[in-house]
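Dear colleague,

I am passing on the structure below, followed by an account of what was found in it. Please read the notes with the structure open beside them.

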Amino acid sequence: MKIAHDTARQLADQDVTEMIAALSDLKNRHPTSSYVDYLTRVALYKHQDTKNLTLPPASQTLPQAFFTKDDLRTKDSHLLGHGNGAALIGRETTLDPEYKLDWWRQDPGLSEHHYNWHVYYPYSEPVKDRQGELFAYMHQQML
């Protein structure tokens, strides 16, 4: 991801219209690329004029990063709960201990928070003040 952050930094140094044009061109050429989605989020976060922009949840723009291909294709799946944060669970329950973690792995709200954490606090950037402490606290709270 260091390449994505380096590229995003170069894009963020451009004029906002040039940056958005470059990102739009990339997205048009690679509409399902998780790299382009990640790069877009990082560049928009880093640019002075767009850093406070509200983006749609990554689980909507990049569902393959949050759900397995089987979950996205399975017609027998159903939603538990309502609204944001509902977890997609397949009907095929097993005694596999890993299944107990599926709800947490597939919770869009939890996954979105974790994804955004790594957008804003990448391991390839210089460490921000108390980043290690925040990292440990955030992951502890997720568990």
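Read along the sequence, the protein runs α-α-α-α-α-β-β-α-α-α, and its secondary structure comes to 8 helices and 2 strands, where helices (H or I, at least four residues) and strands (E, at least two) are DSSP runs numbered from the N terminus. This is a predicted model, in which local features need pLDDT of at least 70 and side-chain atom pairs count only at pLDDT 80 or more, while totals for chains, interfaces and linings use all residues. Residues are numbered from 1 along each chain as its sequence is written, and side-chain values use heavy atoms, with hydrogens and water left out.

Of the 143 residues in the protein, 31% are buried, a term that stands for under 20% relative accessible area, with exposed meaning over 50% and partly exposed in between (1.4 Å probe, protein chains only). The accessible surface comes to about 9,800 Å², and 57% of this belongs to carbon and sulfur atoms; such areas come from the Shrake-Rupley method with a 1.4 Å probe, and for residues only the protein chains shown count as cover. Among the contacts with a separation of 6 or more, 49% are accounted for by residues 24 or more positions apart, contact meaning heavy atoms within 4.5 Å.

Helix H2 covers residues 16-29, and its 14 residues, at 1.5 Å a residue, should span 20 Å, which agrees with the 20 Å between its end C-alpha atoms; the expected span is 1.5 Å times one less than the number of residues. Val-16, Met-19 and Leu-23 are buried in H2. Seen down the axis of H2, the buried residues fall within an arc of 65 degrees, so they line one face of the helix, the arc being that of the directions from the helix axis to the C-beta atoms. The cover over these buried residues includes helix H1 (2-12) and helix H3 (34-46), whereas the face of H2 turned away from its buried side carries the exposed residues Thr-17, Asn-28 and Arg-29.

In H3, the 13 residues should span 18 Å at 1.5 Å a residue, and the end C-alpha atoms are indeed 18 Å apart. The buried residues of H3 are Val-36, Asp-37, Tyr-38, Leu-39, Thr-40, Arg-41, Val-42, Ala-43 and Leu-44, and they pack against H1, H2, helix H4 (58-61) and H7. Asp-37 counts as buried because its relative accessibility is 7%; leaving aside residues up to four places away in sequence, Asp-37 touches Lys-27, Thr-61, Leu-62 and Tyr-115. Two other residues of H3 are partly exposed, namely Ser-34, at 42% relative accessibility, and Lys-46, at 25%. From C-alpha to C-alpha, Ser-34 is 9.9 Å from Ala-58, with their positions 24 residues apart in sequence, and Lys-46 is 7.3 Å from Ala-8, at a sequence distance of 38 residues.

Tyr-115, the partner of Asp-37 named above, is found in helix H7 and counts as buried at 15% relative accessibility. With residues up to four places away in sequence again not counted, Tyr-115 touches Asp-37, Tyr-38, Arg-41, Ala-58, Leu-62 and Phe-66. The C-alpha atoms of Tyr-115 and Phe-66 are 9.2 Å apart, although the two residues are 49 residues apart in sequence. The buried residues of H7 are Pro-108, Ser-111, Glu-112, Tyr-115, Asn-116, Trp-117 and Val-119, and the 13 residues of this helix should span 18 Å at 1.5 Å a residue, in agreement with the 18 Å between its end C-alpha atoms.

The last point concerns a helix pair. Two packed helices are described by the angle between their axes and the distance between the axes. Helix H7 (residues 108-120) and helix H8 (residues 131-142) pack at an angle of about 170 degrees, with their axes 12 Å apart; axes are lines fitted to C-alpha atoms, for helices over the stretch in contact, and angles run from 0 to 180 degrees between N-to-C directions. H7 and H8 are therefore roughly antiparallel to each other, since angles over 145 degrees count as roughly antiparallel, under 35 as roughly parallel, 65 to 115 as roughly perpendicular and the rest as oblique. On the H7 side the contact is made by Leu-110, His-113, His-114, Trp-117 and His-118, and on the H8 side by Gln-131, Leu-134, Phe-135, Met-138, His-139 and Met-142.

With best regards
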